[in-house]
Amino acid sequence: FEAPRIAATSTSTSTNTSTSSSRISSSSSSGSSPVGALPSLTAEELVLVENLNRRLTTIAEACVKANVRLLIDAEQSYVQRAIDFFTCRLQMQYNKTSPAVYNTYQCYLTRASKQFENDSQRAQRYGLFFAAKLVRGAYMEQERRLAKEHNEADPIHPNIEATHACFDSLVSNIIDRRARGERVAAILCTHNAHSVASAITRLNCLAWRTT
């Protein structure tokens, strides 16, 4: 899979404001794309992307001013790449001094652990807070049906035990990183009693407050 050819550039606003505007531009001025790549965005699509980016920035600015965390939810895998793209842009701008913007990791996906690690390393590399919302996932039947229809690999773990293991592993990972003083934050979303108990036990072992 090759992501859409979208390039991000920044332009400064006038000196009497602290905010900046972000622009999304097509990487191909001719409109053509390399063989095997997705088509470049049309002029109309670029306008839609610009509008989305502006609205997300407005929401993020309001959340930061109100000291409210912004949680970006996860959806089906066929749109998740775009969600991740915009979430990363927001985190690069607003997670410099606090965990303001959280991305969601669906632990029933086989790629969840790798994406979690890649994103946490990028945050560390740029001196950002890594902010993660951990869930199991909600689109298993649809994901598997679409993968079968398109003759693609099943993106879901083969069984519930593997999903549990992924979720609990990422919980332990981020708790341990926080205990080492790393700039990380997490919101754990689960109805699973074992996962809740395991997280609390881990926190207690590290002498954290759990209330």
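Which residues form one aromatic cluster? Select Tyr105, Phe116 and Phe130, and you have that cluster on screen. Keep in mind as you look around that this is a predicted model.

**First stop: Phe116 and Phe130**

Before zooming in, here is the overall tally: the model holds four aromatic pairs. Start with Phe85 and Phe86, whose ring centres are 5.2 Å apart, with the planes at 85°; planes over 60 degrees apart count as edge-to-face, so this pair is edge-to-face. Now colour the two by accessibility. Phe85 is partly exposed, at a relative accessible area of 25%, whereas Phe86 has 9% and is buried, because the cut-off for buried is under 20%.

Next, go back to two members of the cluster, Phe116 and Phe130. Their ring centres sit 5.0 Å apart and their planes meet at 85°, so this pair is edge-to-face too. Show the cartoon and you will see that the pair links distant parts of the chain: Phe116 belongs to helix H3 (residues 112-125), Phe130 to strand S5 (residues 130-135), and the two are 14 residues apart.

Is Phe116 buried or exposed? Turn on the surface to check: Phe116 is buried, with a relative accessibility of 1%. Its partner Phe130 is buried as well, at 4%.

**Last stop: a charge over a ring**

Finally, select Arg136 and Phe167. Here Arg136 lies over the face of the Phe167 ring, 4.4 Å from the ring centre. Try turning the view until you look straight down on the ring of Phe167, and find Arg136 over its face.

Key:
Residues numbered from 1 in each chain as written. Predicted model: local features only at pLDDT ≥ 70, side-chain atom pairs only at ≥ 80, totals over all residues. Heavy atoms only, no water. Phe/Tyr/Trp six-rings, centres within 6.5 Å; stacked < 30°, edge-to-face > 60°. Buried < 20%, exposed > 50% of the residue type's maximum accessible area, 1.4 Å probe, protein only. Helix = DSSP H or I, 4+ residues; strand = E, 2+ residues; numbered from the N terminus. Lys NZ or Arg CZ within 6 Å of the ring centre and 35° of its normal.
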